[in-house]
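Dear colleague,

Here is the structure that I promised to pass on to you. Please look through it first, and then read my notes below, which go from one site to the wider picture.

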Amino acid sequence: MSTAQPARKRDAAATREAILAAAVVEFTEHGYAGAGVRRIAERAGVTAMMVNRYFGSKQGLFTQAVARSFAPPTIVGDERADLAGAIAHTLTERTASDAERLDPFLLLLRSAPDPEAADIVRRGVEANVGARLAGLLDGPDADVRAQLALALVAGTWLLRGVVGTTALATADDARLIALLTDMLEPVVHEVGGTSAATGTGPDGTQG
């Protein structure tokens, strides 16, 4: 009677997770155009055929990698309380010279030049961090206001965390938090509303 043990059945969930984790790293480091399915497979310890089996294509894998990158609350949390201040504090902390890099933004920066990837990134941002932030805002035009806030976040991250412009890179943290909070407040809380843009007063009259 044979004592040989049957080969252990592959854990499909673990394999898929390994591929996706490897893809996030590869796309973040090289962007959509520069990332290779074979390199992703090597990182995950599987074959390229296995990658296609689980995700269908490089495009399908990139879509899942973008969702994985932007789903966690990296800068924008889940609490309404002091939302502008919380975003400003976290953004300042996460863009400091000694901070861990913000992979979701690197993935965006390195993949956006590719038209196919840009559309996937857009949908990923809108469906994840964009929708989460918009859901925390009261009042009209929540989607527009949320994406304006994200534009400020992305721009600050780029100049302070990637380019390292002198004024932002050397700014006092407390002062930078205060400035960012003041810039975010009108968007987050719709300070002034549409009346500031149209020149109308709170009662709707011109003035």
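Where is the place of Asp 82? In this model, which is predicted, Asp 82 sits in the loop between α4 and α5, the latter made of residues 83-94. Its backbone deserves a look, since phi of Asp 82 is near 45°, a positive value in a residue other than glycine. With a relative accessibility of 53%, and the limit for the exposed class being over 50%, Asp 82 therefore counts as exposed. Asp 141 also has a positive phi as a residue other than glycine, in this case near 55°, and Asp 141 is found in the loop between α7 and α8.

As for the overall build, the protein chain holds 11 helices and zero strands. The chain has 207 residues, of which 37% count as buried. If you take the contacts with a separation of 6 or more, 67% of them join residues that are 24 or more positions apart. The accessible surface of the protein chain is about 11,600 Å², and carbon and sulfur atoms account for 56% of that area.

Turning to the interior, the largest nonpolar core comprises 52 residues, and those with the most contacts inside it are Ile 19, Phe 27, Leu 61, Phe 62, Ile 87 and Leu 133. The helix that gives the most to this core is α7, spanning residues 115-136, with eight residues. In soluble globular proteins, nonpolar side chains tend to be buried together. To follow one member of the core, Ile 87 touches Ile 75, Val 76, Leu 133, Val 153 and Leu 184, when residues up to four places away in sequence are not counted.

Two polar residues in helices are worth following as well. Ser 111 belongs to helix α6, which covers residues 103-111, and because its relative accessibility is 1%, Ser 111 counts as buried. A polar atom of the Ser 111 side chain lies 3.0 Å from the backbone nitrogen of Tyr 32. Apart from neighbours within four places in sequence, the residues in contact with Ser 111 include Phe 27, Gly 31, Phe 62 and Val 121. Pro 104, Phe 105, Leu 106 and Leu 107 are buried in α6 along with Ser 111, and the buried residues of this helix pack against α1 (12-34), α4 (58-70), α7 and α8 (142-163).

The second polar residue is Thr 181, in helix α10, residues 173-188. Its relative accessible area is 15%, and Thr 181 is therefore buried. Here the partner is a backbone oxygen, that of Ile 177, which lies 2.7 Å from a polar atom of the Thr 181 side chain. Leaving aside neighbours within four places in sequence, Thr 181 is in contact with Ala 84, Gly 85 and Ala 88.

Finally, there is the matter of open space. The largest pocket has a volume of about 260 Å³. It is lined by 19 residues, and the closest to its centre are Phe 70, Phe 105, Val 125, Val 129 and Leu 150. Helices α4, α6, α7 and α8 are the elements that each give two or more residues to this lining. One of the central lining residues, Phe 105, is also among the buried residues of α6.

With best wishes

How values were computed: Residues are numbered from 1 along each chain as its sequence is written. This is a predicted model: local features need pLDDT of at least 70, side-chain atom pairs count only at pLDDT 80 or more; totals for chains, interfaces and linings use all residues. Side-chain values use heavy atoms; hydrogens and water are left out. A nonpolar core is a set of buried Ala, Val, Leu, Ile, Met, Phe, Trp, Tyr and Cys residues joined through side-chain atoms within 4.5 Å. Buried means under 20% relative accessible area, exposed over 50%, partly exposed in between (1.4 Å probe, protein chains only). Helices (H or I, at least four residues) and strands (E, at least two) are DSSP runs, numbered from the N terminus. Contact means heavy atoms within 4.5 Å. A polar contact is a pair of N or O atoms within 3.5 Å; within protein, one must be able to donate a hydrogen and the other to accept it, and residues adjacent in sequence count only if both atoms are side-chain atoms. Accessible areas come from the Shrake-Rupley method with a 1.4 Å probe; for residues, only the protein chains shown count as cover. On a 1 Å grid over the protein atoms alone, a cavity is a set of points where a 1.4 Å probe fits but cannot get out, and a pocket is an open set with protein on both sides within 12 Å along at least five of seven lines; lining residues have an atom within 4 Å of a point. Grid points are joined across faces, edges and corners, and a volume is the space filled by probe spheres set on the points.
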